[in-house]
Amino acid sequence: MVEMTDEQRQVFFQNWYNQWIQPELDRRFGETGVPTNFRIYECLILLPKGQPHIIQFNDEVGWHLESIELAAGKTLIDIGIEGFIQIYDILRIGNVLPPKVNGTRVAFMFLYWDGFESQLFIDFIPNQPDFDPDDERFKFDDRVIAHHLQNKLIERVVKWAKIHQPKLHEVGLWTATPLLLYPLSKIVERVDAGKLDEARKVLVTHCNGDFISKNLVQTWKPIKAFKERFQIFDDALFLHKSQRYHGSISMLIGQIEGVITDWLHEIMPPSDVKWKTKSKIEQFRDALKDIHQFEYAYREALESTVEFLREGEQGAKPFQEFKNWLDKVDPNFPARHALAHGKYIPDLYTEENSIKLFLLLDTICQFMMFYEVRVLNKNLEQNKENGET
């Protein structure tokens with residue numbers, strides 16, 4: 001990677017644009033000019049030896065994958081050669097193959113928008129005089145492009161979840177970051193089809209005890225507000241794995257506001273932290289707005305999470321309204337106010353609801369990690385190396 005100042009970067013991209021992009025736009029659109037709604041999000045320039053270059057924009061760009069990890073134990077053989085892989089079948093992108101022209105690997109330049117600025121990936125290796133496609137020295141490094149494609153899929157799922165947020169709320173869910181890419185994609189597909197029970201089944205099947213332990217609880221320690229409560233979380237996890245959901249839910253429901261309140265006391269003067277739950281949720285949201293280069297998917301997930309946390313509303317939310325003892329409580333998410341007042345609602349104490357509490361705490365923790373790394377410049381990985389986790 002070549003380090004450049006902002007000015008050097010601007011000059012470089014302008015010259016590159018003038019050399020490659022503008023002539024192609026002139027060729028395509030001629031005297032009529034570029035349509036006002038035309039935007040370049042991706043551009044792939046193929047440079048076959050001894051042949052004219054080939055330029056592709058946006059949906060014209062395609063990549064071949066050597067492997068792809070599918071959900072529910074599926075394989076490409078299961079789908080078949082003529083089958084079509086749906087986004088809700090994908091766990092993660094596999095290896096991306098280098099582009100070819102007429103079966104031969106070619107040099108290329110790939111320009112793409114990462115949500116904040118244009119990035120340019122260049123591979124001129126095939127043009128080297130001693131290039132041998134079977135030589136490990138010339139192996140294609142696909143990590144940058146694979147990461148970009150994975151992010152594109154995540155963005156699509158987040159946009160899809162946003163459209164169906166009211167239906168997600170019906171089953172007590174939000175755009176939960178620990179469920180990206182899968183199984184949130186499959187859950188959204190099922191609620192979109194009106195199969196709410198099947199959406200619940202996908203959630204419960206995926207979020208087994210090992211998933212909750214390894215992917216959620218064991219990752220929380222770098223955040224002080226979570227580390228100090230780790231015994232609570234560990235005990236709740238034990239109860240959850242033992243199918244004692246009355247215990248796990250009762251232990252976790254009060255920790256949502258607790259971790260947010262403790263964390264706010266760390267990042268701002270304690271006297272500024274509000275007392276009411278609703279105000280603290282807004283302070284939490286406002287603080288996270290300071291995160292630098294907050295990717296689209298996570299900005300939308302934050303808004304979805306804050307909406308889910310809003311106090312005093314009806315529906316399956318943690319702080320749903322409870323003003324009268326005989327008020328009906330939506331059982332699709334544990335209701336903190338009702339439970340804190342001692343209201344016993346048997347339908348709340350389910351494996352599904354216990355899972356949702358772990359997921360909500362993890363979503364909150366992830367946003368705190370974003371803030372501490374990108375705003376406070378903390379090295380959370382260093383904490384792990386020092387044994388602080």
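Which residues does Ser213 touch, not counting residues up to four places away in sequence? In this predicted model, the answer is Gln218, Leu237 and Lys241. Ser213 itself belongs to helix H7, which covers residues 209-216. With a relative accessibility of 14%, Ser213 falls under the 20% limit and therefore counts as buried.

The sheet makes a good place to continue. Four strands form an open sheet in the order S2-S1-S7-S8, and their pairing is antiparallel. Strand S2 (54-57) and strand S8 (118-123) sit at the edges, each pairing on one side only. From one strand to the next, the twist averages 10°.

Within this sheet, strand S7 (residues 107-113) is joined to S8 by six bridges in the antiparallel sense. One of the residues involved is Leu111, whose bridge partner in S8 is Leu120. The two strands S7 and S8 form a hairpin, with four residues between them. In the turn of that hairpin, Gly115 has a positive phi of about 105°.

Ser118 offers a closer look at strand S8, in which it lies. Is Ser118 buried or exposed? The value lies between these classes: a relative accessible area of 26% makes Ser118 partly exposed, because buried would require under 20% and exposed over 50%. Apart from neighbours within four places in sequence, Ser118 is in contact with Arg9, Phe13, Leu111, Tyr112 and Trp113. Ser118 also lies 9.9 Å from Ile40, C-alpha to C-alpha, although 78 residues separate the two in sequence.

Helices pack on the sheet as well. Helix H1 (residues 6-29) lies across strand S1 (42-47), S2, S7 and S8, and runs at about 95° to S2. Helix H3 (residues 143-163) also packs on the sheet, where it touches S1, S7 and S8. The direction of H3 makes about 35° with that of S7.

Two helix pairs can be described in turn. In the first of these, helix H5 (residues 184-192) packs against helix H6 (residues 196-206) at an angle of about 170°, and the axes are 7 Å apart. Because angles over 145 degrees count as such, H5 is roughly antiparallel to H6. The crossing of H5 past H6 is left-handed. On the H5 side, the contact is made by Lys186, Ile187, Arg190 and Val191. H6 contributes Leu196, Glu198, Ala199, Val202 and Leu203 to this contact.

The other pair involves helix H12 (residues 277-288), a helix of twelve residues. From the first C-alpha of H12 to the last, the reach is 17 Å, close to the 16 Å expected at 1.5 Å a residue. Which residues of H12 are buried? They are Thr277, Lys280, Ile281, Gln283, Phe284, Arg285, Ala287 and Leu288. What covers these buried residues includes helix H11 (255-267), helix H13 (296-309), helix H14 (336-340) and helix H15 (351-374).

Of the covering helices, H13 is described here in further detail. H12 and H13 pack at an angle of about 170°, their axes being 10 Å apart, and the two are therefore roughly antiparallel to each other. Ile281, Glu282, Arg285 and Leu288 in H12 meet Leu302, Glu303, Val306 and Leu309 in H13. As background to such patterns, an α-helix has 3.6 residues a turn, so residues three or four places apart point the same way.

Definitions and conventions
Residues numbered from 1 in each chain as written. Predicted model: local features only at pLDDT ≥ 70, side-chain atom pairs only at ≥ 80, totals over all residues. Heavy atoms only, no water. Buried < 20%, exposed > 50% of the residue type's maximum accessible area, 1.4 Å probe, protein only. Contact = heavy atoms within 4.5 Å. Expected span 1.5 Å × (residues − 1). Pairing = 2+ DSSP bridges. Axes fitted to C-alpha atoms, helices over the stretch in contact; angles between N-to-C directions. Parallel < 35°, antiparallel > 145°, perpendicular 65-115°, else oblique. Left-handed = near helix turned anticlockwise from the far one by under 90°.
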